[in-house]
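Please walk me through this model in the viewer, one selection at a time. Tell me what to select and what is there.

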Amino acid sequence: MNIVSVGLPSIRSVGLVVLLLTWFAATIEADTVSVIPRPVTLAMKKGTFQFKPGTTILANPALVTEARLFARTLAPALGFTPEVRASRAGSAPYVEMKLDPSLKKLGDEGYRLEVSPRQIMLKAPKAAGIFYGTQTLRQLLPIQIYREAKMEGTEWNVACLLVEDSPRFKWRGAMLDVSRHFMPKEFVKKYIDLLAIHKMNSFHWHLTDDTGWRIEIKKYPKLTEVGSWREASPVGPIEEVRVNQKSDGKPHFGFYTQEDVREIVAYARERHINVVPEIEMPGHSQAVVAAYPELGSLGKPVPVLFNYDLADQLNMDESTIHFMFDVLSEVVDLFPSRYVHVGGDEVEPKFWQQSAGVQARMKELGVGNEKELQGYFTRRLDEFLTGKGRQLIGWDEILEGGISKNAVVMSWRGEQGGIQAANAGHDVVMAPTDYTYFDYYQGEPGKEPLAMGGLLPLEKVYSYDPIPAAIAPANAHHVLGAQCQLWTEFVPDRKHAEYMTFPRLCALAEDVWSPKEQKDYSEFLQRLEVHFKRLDILDVNYRKLVPDPWSRVK
C-alpha cells in the first residue's frame with residue numbers, strides 16, 4: 001500500500017530522500033488524489049475501478065436523494081446515467097452507499113470511502129457524510145467528469161484507495177451580498193454548486209441593505225416595489241466616491257420572489273447546504289425607510305442609497321418593531337434554517353440622537369444610550385425568533401448593548417468580538433476582515449480590478465486558524481467555524497464575483513475542513529493547479545496564480 005502525501009505530516013518535517021519520494025508520489029498521482037479540501041486520511045492501493053455502462057448505484061431509501069444526485073452529476077460526461085437500485089443485479093462493478101452507525105466517531109458529516117476494482121463502498125453515519133463522500137469521489141475521477149457533454153473515449157477510472165474523512169468545523173460558510181449588486185437566480189445556484197464541491201455547508205445570503213431590498217414580502221409590497229430600485233451605483237475608489245459622489249447614472253434593480261427563494265433553498269438543501277438569510281436591522285436599512293418613510297428616525301422621505309451619503313435608519317417605535325416581526329415571520333416560513341441573521345452592524349447613533357421621537361422612546365424604555373437601545377431591540381428580535389424555534393445571529397456589534405445567551409455572534413471586526421463572545425459562552429462564527437473579506441484585493445491594487453480596499457492574498461487566507469489562542473480551551477467548542485464574505489459594492493456582475501471568490505474559497509474550505517496540523521501551503525498549491533482544470537470546465541472566472549511579492553511562496 002502506497003501512502004501518498006495526502007494525510008501525511010508536512011513535507012518540511014521529513015528528510016531529503018523521503019521528501020523527494022513523497023513529491024514524486026504526489027506528482028504521479030496528481031490527477032487521482034488532487035482533492036480539495038484535503039481529506040484527513042487517504043491511502044492508495046493497487047488497481048482501479050471503472051465506471052461503464054451497467055454500473056449501478058446501490059442505496060437504501062434513506063439515501064436515494066444523494067444517490068440520484070450523484071448519478072445525475074456523472075451522467076452528462078459518462079454518456080449514461082448509472083441506475084440507482086435497492087439491490088445488486090448482474091456482475092458489473094457497482095457503487096454502494098450505506099448508513100453505518102458504527103462510524104459515529106466521524107460525526108454527522110464524516111464518511112468512509114473504499115475503492116476496489118469491483119466495488120466502491122461509501123459509508124457514513126448520516127446522509128450528509130454520504131454526500132461529501134460523493135464530492136470526493138467526483139474529484140478522484142478524471143477532471144472531464146465535470147463536463148456537461150459526453151466525453152467519447154475517456155476511461156472513467158478511480159484509483160483503488162481508502163479514505164476516512166470528517167470536517168474540523170460544523171460551520172463552513174460563504175456570504176454573498178446581493179443588495180449592493182443583485183445576482184440572478186441562476187448564478188446563486190451556480191454559487192451553491194461551487195460551495196458543495198468544496199464541502200461548504202452554509203450559504204449566508206445577505207438580502208437587504210441600504211442599497212436594495214431583494215426579497216419579496218407579501219404583506220409589505222413596497223419593500224420590493226420601491227426598495228429594490230436605486231437610481232445609480234457608485235463609480236471609482238470608495239475614497240473618491242465619498243468626496244465627489246460620482247455614479248454610473250444607471251438604475252439598478254432586482255429581487256427574488258418567494259417562489260425563487262423556495263427553489264433556491266430546496267436546491268441548496270439537496271446539496272446539504274443550509275441557507276442563512278440576513279435581513280439587516282436597525283442600521284443598513286435605508287431601503288426599508290425609502291419604501292415606508294414612517295419607519296425612519298427622521299420622519300422624512302429618503303431614496304434607496306446609491307452612494308455613501310447615508311440618510312436614515314429604523315426608528316425604535318413599537319409599530320416599527322412589529323413591522324420587522326411581520327417581515328421575519330415571512331422569512332422563517334421561507335427558510336428552514338435554524339439561524340436567522342439580523343445584521344446589527346454599523347448602527348449610526350446620530351440618527352437616533354437627532355430624532356425627538358427616538359429620544360422619547362429611550363426615556364420610555366429607561367435606556368441610557370443608543371447602544372442600550374440597540375441591545376433592547378436585539379433582545380426583542382431574539383425573543384421573537386426563539387418563539388419561532390429559530391436562533392438569532394448577528395454581527396459582533398450586537399455584543400455592545402447586551403444580548404441573550406441564545407444569540408450567536410459573527411465576528412467581523414477582527415477576532416476580538418468572537419473571543420469575547422466565546423469566552424462568555426456564546427456560539428461564534430469567525431469572519432474577520434483580515435482573513436475572510438473577499439472584497440479585498442488579492443494582489444497589487446494597481447494590477448487588480450477595483451476592490452473595496454485592504455489586501456488579502458491567497459496564502460493569508462490559507463494560513464487562517466478559526467480558533468484564536470485567546471479563547472480558553474474549555475470554550476473552543478463555541479467556535480462553530482468560519483466563513484468568507486463577498487460584499488459587492490465594486491462587484492457588478494457574476495464573473496467579477498467568481499474572480500473575487502476563487503481560488504480564495506478553495507483555501508478557506510481547507511481551513512474549515514482539514515486538520516490544522518496537516519495543512520501545507522506548497523502542497524495545497526500542487527493540488528490547486530489540478531483543481532483549476534475543474535474550475536475551467538465549470539466556467540469559473542478564478543484568479544490565476546501569479547508570483548506576488550508579499551508571498552513566501554513564489
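The stops below begin with a sheet, then pass to a loop residue, a helix and the aromatic rings.

Keep in mind throughout that this is a predicted model.

**The sheet**

Begin by displaying the open sheet of seven strands, whose order is S1-S7-S5-S6-S4-S2-S3 and whose pairing is mixed. Select residues 41–51 for strand S1 and residues 83–85 for strand S3; these are the edge strands, and each pairs on one side only. Looking across the sheet, neighbouring strands are turned by 20° against each other on average, direction ignored.

Next, select residues 111–115 and 119–124. These are strands S5 and S6, which run antiparallel and are joined by four bridges. Within this pairing, glutamate 114 stands opposite methionine 121 in S6.

Now add helix H3, residues 64–78, which packs on the sheet. Helix H3 touches S1, S2 (56–59), S3, S4 (94–99) and S7 (156–165). The direction of H3 makes about 170° with that of S2.

**Leucine 207**

Move to leucine 207, in the loop between strand S9 (202–206) and strand S10 (208–209). Is leucine 207 buried or exposed? Its relative accessible area is 0%, so leucine 207 counts as buried, the limit for that label being under 20%.

To see what surrounds leucine 207, select its contacts, leaving aside residues up to four places away in sequence: Val178, Gly212, Trp213, Arg214, Ile215, Tyr256, Pro277, Glu278 and Phe335. For a sense of scale, draw a distance from the C-alpha atom of leucine 207 to that of threonine 154: the two are 53 residues apart along the chain and separated by 43 Å.

**Helix H14**

Select residues 416–423, which form helix H14; Gly417, Gly418, Ile419, Ala421 and Ala422 are buried there. What covers these buried residues? The cover includes strand S17 (408–411) and strand S18 (428–430). Just after H14, glycine 425 takes a positive phi of about 95°.

**Aromatic rings**

Show the side chains of the aromatic residues; the structure holds 24 aromatic pairs. Take tyrosine 191 and phenylalanine 203: their ring centres are 5.8 Å apart and their planes lie at 55°, so the pair is tilted. The pair links distant parts of the chain, with tyrosine 191 in helix H5 (residues 185–197) and phenylalanine 203 in strand S9, 12 residues apart. Both tyrosine 191 and phenylalanine 203 are buried.

Then select tryptophan 229 and phenylalanine 253, whose ring centres are 4.2 Å apart and whose planes lie at 15°, so this pair is stacked. Here too, distant parts of the chain are linked: tryptophan 229 belongs to strand S12 (residues 229–230) and phenylalanine 253 to strand S13 (residues 252–253), 24 residues apart. Tryptophan 229 is partly exposed, with a relative accessible area of 43%, and phenylalanine 253 is partly exposed as well, at 44%.

For a wider view, select Phe182, Phe187, Tyr191, Phe203, Trp205, Tyr256 and Phe335, which ring pairs link into a cluster. Two of these residues, Tyr256 and Phe335, also appear among the contacts of leucine 207.

**Charges over rings**

Finish with two side-chain selections. In the first, the charged end of arginine 271 sits over the ring of tyrosine 267, 3.6 Å from its centre. In the second, the charged end of lysine 460 sits over the ring of tyrosine 435, at 5.3 Å from the ring centre.

Terms used
Residues numbered from 1 in each chain as written. Predicted model: local features only at pLDDT ≥ 70, side-chain atom pairs only at ≥ 80, totals over all residues. Heavy atoms only, no water. Pairing = 2+ DSSP bridges. Helix = DSSP H or I, 4+ residues; strand = E, 2+ residues; numbered from the N terminus. Axes fitted to C-alpha atoms, helices over the stretch in contact; angles between N-to-C directions. Contact = heavy atoms within 4.5 Å. Buried < 20%, exposed > 50% of the residue type's maximum accessible area, 1.4 Å probe, protein only. Phe/Tyr/Trp six-rings, centres within 6.5 Å; stacked < 30°, edge-to-face > 60°. Lys NZ or Arg CZ within 6 Å of the ring centre and 35° of its normal.
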